[in-house]
Amino acid sequence: MDKFDLLIVGVGGQGVILASDIIGKAAVQEGLPVRSAETHGMAQRGGAVENHVRIGCKYGSLIPAGGADCLMSMEPLEALRFAKYLNTKGLAVINTEKIVPVTVNLGKVPYPELDTIRDTMKGLCAEVKMEDYTALAKKAGAVQALNVVMIGAVSKYLPISQETLKEVIAKSVPPKTVAVNLKAFDLGREA
Amino acid sequence: MSKEYMLGNDAIARGLLESGVDVATGYPGTPSSEILTTLAPSARDRFHIEWSVNEKVALEVAAGASWAGARSVCTMKHVGLNVAADPFMTLSHTGVVGGLILISADDPACHSSQNEQDSRIYSKFAKIPCFDPQSPQEAKDMVAYAYAFSEKHGIPVMLRPTTRISHAKSDIEVHDITERQKNIEFKKDAERFVVLPKHTRVLLKKLNAKQDSMRKELAESPWNKLDLKKGAKLGIIASGVASTYVEEALETLGTPVSYLKIGAYPIDPELIKKLAGSVERILVIEELMPFVEEQARMYADNVLGKMTGDVPHEGEFDTLLVSNIIRRVAGKPLLQNHDVKLDFELPARPPAMCAACPHRATFYVLKSVFKEDSIFASDIGCYTLGTQLSAVDTCICMGASITVASGLSFAGVKNKIACTIGDSTFLHTGIPGLINAVYNKADITVVILDNRTTGMTGHQPNPATGETILGEPAAEISLESIVKACGVQSMQVIDPFDLETSKAAFKKAYNTEGVKVIIARQPCVITAKRMGIRRQQYEVLEDLCEGCKRCVKFGCPAMEVRNGKAFINDTCAGCAMCTKICQFGAIKAKGV
């Protein structure tokens, strides 16, 4: 059985839960067992959020530190925050569009340079892909499609066919946005 | 049978439907809230479902329904069970007629809670069985078993999921929903349903007499499993979600270990004795309290766990943590910890109130009128995040803002005292506190943050919103009438986005003695958006911005600093408070 531990992180409100939902449903559709863990409640309100998705797993939903095959980060800073979950042989797919935390705006701590984030991440895992996926979402037609762009970007590595993923995307997003989201998936996959 | 990708709470709701639930009650609380929300659409025209005013009310409603023969369920988070503890402790004595499942969702690591609390202790305290699922699938499967068990033994039962069950998703087996034969009738039986001392003394004997048969039956149930391995010197006992971590860890340990998985209480001592008889040492791995461990110690020697310092007392576990606990005990090399060391500080990203949250506006006015040395008592809800604005000095549990403020007042502190409490929290347990404050002559300002919803837990309606869980219209309970009926002489209603009027109201309260109530009314920005309200966004005119950061200190996530000047990002939801805070007229409606 194909096992794949994927950690999806970002900021509350970015659509992290929908992203993990699409991948989870696609796994079930392909007959793979799947476990995932979500962030709800207080932590969600604009805070750092983490969703664990364990494909081919029959145990608990939390990925052990050092166990993730892939870290999909919808915001650059959050990749660093959750980097401990990545396997040294793993892959990090990181969006470069920043969401500046209030602690930075108030001048308490500077936001690290993107190059610093890239270099740090490169020292922690086998491969780092950093792209402006937000720009691709805009190109597809809606900034809200960022989560689907990034599913496209990680889809090449998942033990799930892209046809199944696209089928589930079409069923999971609002009907009016299906075309935009399918385009978003393709742009992410090609990037 | 088919498989669906489901949230643990949705799986539990599905289990309730498949078991033919008749009455469902509860009060929202993370991580339990989605159970009723998911159940609601199926309830329409078929069975009764409600958001109750609080957990005590919820459990009593469920008890009444059960006594009439209905299968009932009552959902809450762990701290909600404290509120329901009064009926809970005696309900075990009277027992039930229709099956009654109390679902109390625990939150190890306090993801969204004021404490870590182990509901299993409550089940033992009340002498009722408790089901402790290891996975969302097991949580669902336990529901049908729990109803049958509850009816067979005439006892309420507890289902205790934790955050990583309730808010985990997995592939879930679903079955058809069939109509259940039911007989709804309340048969009078004062010796059972009227707990006079002479009745309850007998009921206690009956409750105690049930324990042995329940224990024996649960030992044979699918939830408790003993797996003795040949040549094993170490035995592990694990419960709840921790058992999945143990099972994953054992896969790569490379040494035979005997294993007792506990998913239902009370535990039959025979299970522990059998394990103890075949191994040299027993390691107990469970989150929260050493509940299983204490019982293991009664029947076995050489028990390791929290009480010997081998297992952490706090927080939630995962496979790495559990692997290394086992490896340390088994004398195996530890797995590498993956803590990342950075040579710079990682900026924190704490949760914050949303852009255009009305609470932020209310806190801003409160802070601008009440001086720095005022004391701000607060309560449980989104507005607890007001601590980031230095507008929350105390918070302990639901309803405790008005009462703690009263205590400060009665103690004779010289400072002005103001407290904040949400609409749902006020109705939950705030009202008795307000009556008490008026009756006993406190000198406090009470701000009811009426955002027309129960925000933090996911926007459930409450009695003041005039809508039921099914979205049907209901009598809209008037906060103003309640406040007046509590004997409050000074009450004002404000729109927090109307800065000048709000300031005047707070100044009046500041200068008035006694109990003053200000109802700050403005819908939650998330519900407003869902209702289709789209407000004008705002932008900073760079030439006029002096970079003073007054607007940034307001704490709105839409407000950033770019090149030393304020910048409003796309999350702006148009409350326009920043235009009133800016002294240079540098913030204007976008595109106007």
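**Notebook: contacts and local features of chains A and B**

**Entry 1. Salt bridges.** I began with A:K166 and A:D186, whose side chains meet in a salt bridge with an N to O distance of 2.9 Å. I then looked up where the two residues lie: A:K166 belongs to helix 7 of chain A (residues 162-172), and A:D186 belongs to helix 8 of chain A (residues 178-190). The pair links distant parts of the chain, with the two positions 20 residues apart in the numbering. I note here that the model is predicted. Over all chains, I recorded 40 salt bridges in the structure. As background to this entry, side chains of opposite charge can pair when their charged atoms come close.

**Entry 2. The interface between the chains.** I next asked how many residues of chain A are in contact with chain B. I found 54 residues of chain A in contact with 51 residues of chain B. The two chains bury about 4,400 Å² between them, and carbon and sulfur atoms carry 60% of that area.

I then turned to the charged and polar pairs across the interface. Six salt bridges are counted between chain A and chain B. I looked up one that joins B:R349 to A:E78, where the closest N and O atoms are 2.5 Å apart. I also recorded 16 residue pairs in polar contact between the chains, with both residues at pLDDT 80 or more.

Which elements of chain A give two or more residues to the side that touches chain B? I listed helix 1 (16-29), strand 2 (34-37), strand 3 (48-55), helix 2 (76-81), helix 3 (102-105) and helix 4 (114-122) of chain A. Helix 1 of chain A gives the most, with six residues. By residue class, the side of chain A that touches chain B divides into 28 nonpolar, 14 polar and 12 charged residues.

**Entry 3. Strand pairing across the chains.** I checked strand 2 of chain A again for its pairing. It is joined by three bridges to strand 8 of chain B (residues 168-174), and the two strands run antiparallel. Within this pairing, I found A:R35 opposite B:S170 of strand 8 of chain B.

**Entry 4. A sheet in chain B.** I traced an open sheet of five strands in chain B, in the order 9-11-10-13-14, with mixed pairing. Which strands form the edges? They are strand 9 (225-227) and strand 14 (303-304) of chain B, each of which pairs on one side only. Strand 14 of chain B pairs with strand 13 of chain B (residues 281-285) in the parallel sense, over two bridges. I noted B:L283 opposite B:L304, the latter in strand 14 of chain B.

**Entry 5. Cysteine positions from the UniProt record.** I consulted UniProt for chain B and found an unreviewed entry. The record gives the feature "binding site" at B:C556, B:C572, B:C575 and B:C578. These residues are spread over 23 residues of sequence, yet they cluster in space, with a largest C-alpha distance of 10.5 Å. I located B:C556 in the loop between helix 21 (550-553) and strand 21 (559-562) of chain B.

For "binding site", the unreviewed UniProt entry also lists B:C545, B:C548, B:C551 and B:C582. These residues likewise cluster in space although spread over 38 residues of sequence, and their largest C-alpha distance is 10.4 Å. I placed B:C545 in the loop between strand 20 (538-540) and helix 21 of chain B.

**Entry 6. Backbone geometry in chain B.** I looked up two cis peptide bonds. The bond from B:T30 to B:P31 is cis, with omega near 10°. B:P31 sits in the loop between strand 2 (23-26) and helix 2 (34-43) of chain B. B:Y265 and B:P266 are likewise joined by a cis peptide bond, with omega about 5°. I found B:P266 in the loop between strand 12 (264-265) and helix 12 (269-278) of chain B.

I last examined B:R452, which has a positive phi of about 65° although it is not a glycine. B:R452 lies in the loop between strand 17 (444-450) and helix 18 (479-485) of chain B.

Note on methods: Residues numbered from 1 in each chain as written. Chains lettered and ligands numbered in written order. Predicted model: local features only at pLDDT ≥ 70, side-chain atom pairs only at ≥ 80, totals over all residues. Heavy atoms only, no water. Contact = heavy atoms within 4.5 Å. Buried area = accessible area lost by both parts, 1.4 Å probe. Salt bridge = Lys/Arg side-chain N within 4 Å of Asp/Glu carboxyl O. Polar contact = N/O pair within 3.5 Å; in protein donor to acceptor, adjacent residues only side chain to side chain. Helix = DSSP H or I, 4+ residues; strand = E, 2+ residues; numbered from the N terminus. Nonpolar A, V, L, I, M, F, W, Y, C, P; charged D, E, K, R; others polar. Pairing = 2+ DSSP bridges. UniProt positions renumbered as here; feature names shortened; annotations may be inferred.
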